[in-house]
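Thank you for asking me to look over this entry. My remarks are set out below as numbered points, with the charged side chains as their topic.

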Amino acid sequence: MSMNHMQIERLLAETGPRVAGGWVRKVWQPDQWHFQLELYAAGLTRFLTVVTTPGACGLYLSDSRLGPAPSEAPQFCDKLRSDLTGKSLVHLEQTPHERILSLDFAAHPGAPLERRLVLELFSAAADCYLLDPEGTVLALLHPGPARKRRNFPGSAFTPAPPGKPGQALEQSDALEELRASRGLPDYNSAVQLALEESAATAVLEQARQEARRAVSRELGRLEALERDFRRKIEAAAQADRLRECGEILAAHFNSLRRGQDRVRLPDFYRHDRMAMRDIELDPALSPRDNLERYFKRARKLTAGAEFAAKQIETIAGRRAPLGAALEKIETLESAEELQAVLAALNLARPSGAKAARKAAQDAPRLPYREFVSADGAAILVGRGGKDNDQLTFRHGHGRDLWLHVAGAAGAHVILRCDKESAFTEEALLDAAHLALFYSDQKEADSADVDYTLCKYVSKPKGLPPGKVNLSQRRTLRLRREKARLDRLLGRDDLAGRA
């Protein structure tokens, strides 16, 4: 069940006054499909919950969090926390006859707009965008749907085209019927119940599909392996002929010479005493090596066939439980049971692995690499040239710390700070080591690293990419610590070198 525009309109009429003027205390994102704005309004704390599960999209007010937050906040949640915490929800508006909402945030009611959150609650391609006052995309929840309109961070937001006129919506409202049948106190409670149940069903079906795909992939892999092993068995039919060639060469060994590319010798494996056999040789090899080459190839084919036969038996034993699992998957009623079936077959993947990979594939290219300091602070390292400028002037905040190796070409580095100069010595050293590693002096044992607040970094017109001016700076004399650098790079699996 996904909410239509009339249901959203009714919900906003009921809940809008409850959150109007409320200020954001916290942002929560328990999984990839849900996030919550913790709002404090009229002396009460409420959670504005946004649901983007395919087939179950909408929003409602809740009195509590959905569940425990992940140990590390997703990028979208982290950006909302950074930009919205402490801001007031000054305006909430629905695009007429659309499932699109705009939430405006400012320092307080009456103050200039600072951020806008656009919710597109389309059933099959829901997404959420954080915009600045000029309409530039700062963050988005799902990169996939954004690709068609190229609504990536740093680009101007392109609104969704108007929906096509469809058939008139039914007069009856399933949510109102649910409210009446369950005796729920208000419309918001019906929306919450319907979305939570629909989302749970959608998540279960997604887990079921993932389990089907995992088992089907394994069956396909086994089928491909079996084909390869059967080809090895078929190829072993040549082993006897290769061995015969070796025996014939051994019988006429004294007539062989280096540099020959073929010989014609009596074939004593045929009943005809006059029969001859043409045998190819490698002119670069000695007679002894040519002879051994034939025996070695024969032994390899024979051993390969024996191994293949054993593997085909193993595959047959593996295929039976996979077939049974496919049938069992259709009857299970929880994601945990499905995961247990996959685990028993050694097909389980870490929770969220697929979503993480898909997000990485779909995500737009960022102008920086991401690392984490020993105390958990985010460190962003520019990729060079124009990317350095993008990092410093589009992604850096005035309170963040900016670093660069003095007197050398290298990456701009930004150490995220919650408050101005709120960084530890360990975080500073970590960021300085990354500045050194991603510079022309990466092999040096020591170097000077300049650092300052981002607000003191400027770029006068005419400077080439990556070149900046600093109105204030301090310099750290850095001595390379291999263990520290290994720890930092190990978090990114050395992918940052690319």
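The points that follow take up salt bridges and then a charged surface patch.

1. Please keep in mind throughout that this is a predicted model, and that the distances and accessible areas quoted here are computed from that model. With this in mind, a reader new to the structure may begin with the overall count, which is 35 salt bridges.

2. With which residues does Arg212 form salt bridges? One partner is Glu205, where the closest N and O atoms are 3.5 Å apart, and another is Glu330, where the closest N and O atoms are 2.6 Å apart. The pair of Arg212 and Glu330 links distant parts of the chain, since Arg212 belongs to helix α5 (residues 187–235) while Glu330 sits in the loop between α7 and α8 (335–344), 118 residues apart.

3. The exposure of these three residues can be considered together. Arg212 has a relative accessible area of 25% and is therefore classed as partly exposed; Glu205, at 31%, is partly exposed, and Glu330 is partly exposed with a value of 40%. These labels follow because partly exposed covers the range between the buried limit, under 20%, and the exposed limit, over 50%.

4. A further salt bridge brings together the side chains of Arg484 and Asp430, at 2.8 Å from N to O. This pair, too, links distant parts of the chain, with Arg484 in helix α12 (residues 482–490) and Asp430 in helix α11 (residues 425–437), 54 residues apart. Are Arg484 and Asp430 buried or exposed? Both Arg484 and Asp430 are buried. Through salt bridges that share partners, Asp430 and Arg484 are joined with Glu426, Glu481 and Arg487 into one network.

5. Turning to the surface, Lys232, Lys296, Arg299 and Lys300 form a positive patch. Which helix supplies the largest share of that patch? Helix α7 (residues 287–329) does, contributing three residues.

6. Lys300, one of the patch residues, lies in helix α7. Lys300 has a relative accessible area of 67% and is therefore exposed, because the exposed class begins at values over 50%. A reader inspecting the model may wish to set this residue beside Arg484 and Asp430, which are buried.

Notes
Residues are numbered from 1 along each chain as its sequence is written. This is a predicted model: local features need pLDDT of at least 70, side-chain atom pairs count only at pLDDT 80 or more; totals for chains, interfaces and linings use all residues. Side-chain values use heavy atoms; hydrogens and water are left out. Patches are made of residues with over 30% relative accessible area and no salt bridge: like charges are joined within 9 Å, nonpolar side chains (Val, Leu, Ile, Met, Phe, Trp, Tyr) within 5 Å. Accessible areas come from the Shrake-Rupley method with a 1.4 Å probe; for residues, only the protein chains shown count as cover. A salt bridge is a side-chain nitrogen of Lys or Arg within 4 Å of a carboxyl oxygen of Asp or Glu. Lys and Arg count as positive and Asp and Glu as negative; His and the chain ends are not counted. The place of a charge is taken as NZ of Lys, CZ of Arg, CG of Asp or CD of Glu. Helices (H or I, at least four residues) and strands (E, at least two) are DSSP runs, numbered from the N terminus. Buried means under 20% relative accessible area, exposed over 50%, partly exposed in between (1.4 Å probe, protein chains only).
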